[in-house]
Amino acid sequence: MKPPSTGTERHRSRTRARGPATALAAVAAATAVALNLAIPAQAASTLKAAAEARGRYFGTALTRGDLGISAEVNLAAAQFDMVTPGNEMKWDATEPSKGSFNFGSGDQIVSFAQSHGMRVRGHNLVWHAQLPAWVGGVPLNQVQGVMENHITTEATHYRGKVYAWDVVNEPYNEDGTLRQDVFYKAMGSGYIAAALRAAHAADPNAKLYINDYNIEGINAKSNGLYSLAQSLLAQGVPLHGIGLESHFIVGQVPSSLQANMERFAALGLDVAITELDDRIQMPADSSELQQQGTDYGRVVNACLAVPRCVGVSQWGVDDGHTWIPGTFPGYGAPMMWDSSYQPKAAYQAALSALNSGTSSPSQSPSQSPSQSPSQSPSRSPSASPSSSPSSSPSSPVPGACSATIKTINSWGGGFQSEVTVRAGSSAVNGWTVKWAWPGGQTISSLWNGVSSGSGSSVTVRNESYNGSIAAGGSTTFGFTANGTAATPTATCTSP
Ligand code: XIL
């Protein structure tokens, strides 16, 4: 993803002229007729109503240009309850020259949202792209002051008007290291904590996010962000959520999406799908459009299965107005509505996923289709059954390890736990944690470890990336389980 660093709005405006017939009622009617929705009578008929019934929001991104396209905004107002400004709150739009702020366009998006009962996700305060050239010319010892002034001024302007801020946008390289942008060059990784603190001081009620792409699955990039999130929280930095942009290619939604959201949630963070689109190499054929429906359904189901997943936002409304063809030549059709505002399989899939359960976020994860084994992250073959438990599991043993289980969250029928694996007075190279469930509990999803075992016995071994623990150090893994929350005594062994 390489959005241009210029301030030009590259939003595609292949507007279809539509008359008054594109008013809200007509769009809603077309949606219902075109889909012949086979959903129960009490099921909601819009994304926002269905999402709200599940304790979530369903959002979209709109630019100022979109506000002039009545068919598009009518559809947006009918279907969505959260708006992210596509470009209007970015640095190049809000502080095009040093100290000279302009919130006119952003304010228009906020007014539109407010007048339609929609909330706003602020996007964004610090980003290497769409950053005016003057910032790159600021002497490095003044960059922190410039960054904090930008954040303070913008977040103060929008105080009380945004639900959340993407405070730091796209800070990571693909290999899990931080981008060497002007903020990093000036402050090192500390710029992220400084940015979050400045935003929190300016708007203490906004949820503060780090937002990035290609962090949807468990991979090097999301591992880098996961470690950073752990360390920021340990330092008391006001980080509240992780935004998974989710600019997918059809058929390529990562299988570890849910487990990845769960591990961030287990840190006590909210997670959100912030910029969902699912691009297809053009021309799109019917099987690709069906697959796109499967993809949208999987993303929505993954969010529904994670109690801390607060909502899903699509990055746009319809295929006629999306950034995809301009940035990924040859690709298109990434939205839930086509360029004539007709709902696609993706819309039907998202709506049915939302309507397929009626409970609040405290539902049992086992009710979600995305909990099926076929969609859980791939696991390596079972652990060796031969390791014997340490005789003194809960206190450090030289050369060995200990493990403790803590309940993080529980709901009717299920719970989420974190297990801390601690090395004794020597470093550990590889670990195996075992416990027995007292009351028929079953693990539904596990991350940062490889589980095996059967019946009430559980065995979890390290992943390739977290087997080594320094003397006295620790690592964690997490899981969600069905049944009544329990904290059995765990044993830890190390080869
Ligand atoms: C995109 C906008 O949609 C385009 O109009 C603009 O030209 C480039 O930026 N990640 C982000 C968004 O966080 O801000 C980007 O939005 C898409 C990728």
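This tour proceeds through the model in a series of selections and states what is found at each.

**The whole chain**

The model is predicted, so local features need pLDDT of at least 70 and side-chain atom pairs count only at pLDDT 80 or more, while totals for chains, interfaces and linings use all residues. Residues are numbered from 1 along each chain as its sequence is written, and side-chain values use heavy atoms, with hydrogens and water left out.

Begin with the entire chain, which has 15 helices and 20 strands. These elements are DSSP runs numbered from the N terminus: helices are H or I with at least four residues, and strands are E with at least two. Of the 495 residues, 56% count as buried. Buried means under 20% relative accessible area, exposed means over 50%, and partly exposed lies in between, for a 1.4 Å probe and protein chains only. Among contacts (heavy atoms within 4.5 Å) with a separation of 6 or more, 79% are between residues 24 or more positions apart.

**Helix α13**

Select residues 286-305, which form helix α13. This helix has 20 residues and reaches 29 Å from its first C-alpha to its last, close to the 28 Å expected at 1.5 Å a residue. The expected span is 1.5 Å times one less than the number of residues. Buried residues of α13 include Gln292, Asp295, Tyr296, Val300 and Leu304. What covers the buried residues of α13 includes the strands β1 (57-62), β7 (247-249), β8 (270-281) and β9 (309-314), together with α12 and α15.

**Helix α15 against α13**

Add residues 345-355, helix α15. How do α13 and α15 pack? They pack at an angle of about 25 degrees, with their axes 7 Å apart. Axes are lines fitted to C-alpha atoms, for helices over the stretch in contact, and angles run from 0 to 180 degrees between N-to-C directions. The two helices are therefore roughly parallel to each other; the classes are roughly parallel for angles under 35 degrees, roughly antiparallel over 145, roughly perpendicular from 65 to 115, and oblique for the rest. The crossing of α13 and α15 is right-handed, a term used if the near helix is turned clockwise from the far one by less than a right angle, left-handed being anticlockwise.

To display the contact, show side chains including Leu289, Tyr296, Val300 and Leu304 in α13, which meet residues of α15 including Ala346, Ala349, Ala353 and Leu354. The residues of this contact divide into 10 nonpolar, five polar and no charged. In this division Ala, Val, Leu, Ile, Met, Phe, Trp, Tyr, Cys and Pro count as nonpolar, Asp, Glu, Lys and Arg as charged, and the others, Gly among them, as polar.

**Helix α12 against α13**

Next select helix α12, residues 257-265. The axes of α12 and α13 come within 9 Å and cross at roughly 30 degrees, and these helices are therefore roughly parallel to each other. α12 passes α13 in a right-handed crossing. Leu257, Gln258, Met261 and Glu262 in α12 meet Val299, Ala302, Cys303 and Ala305 in α13. By class, this contact has six nonpolar, one polar and one charged residues.

From Met261, move to Trp447: their C-alpha atoms are separated by 9.8 Å, although the residues are 186 apart along the chain. Trp447 is in strand β15, residues 442-447. At 1% relative accessibility, Trp447 counts as buried.

**Helix α11**

Select residues 220-234 for helix α11. Its 15 residues should span 21 Å at 1.5 Å a residue, and the end C-alpha atoms are 21 Å apart, which agrees. Among its buried residues are Lys221, Asn223, Tyr226, Leu228 and Leu232. What covers the buried residues of α11 includes α10 (190-202), β5 (207-212), β6 (241-244), α12 and β19 (474-482).

**Backbone details**

Most residues other than glycine have a negative phi, and most peptide bonds are trans. Select Asn214, in the loop between β5 and α11, which has a positive phi of about 55 degrees although it is not a glycine. Is Asn214 buried, exposed or partly exposed? Asn214 is partly exposed, with a relative accessible area of 31%.

Ala333, in the loop between β10 (331-332) and α15, also has a positive phi, about 50 degrees. Ala333 is buried, with a relative accessible area of 11%.

Two cis peptide bonds complete the tour. One joins His123 and Asn124, with omega about -10 degrees; Asn124 is found in strand β3, residues 119-127. Another runs from Met282 to Pro283, with omega near -5 degrees, and Pro283 is found in the loop between β8 and α13.
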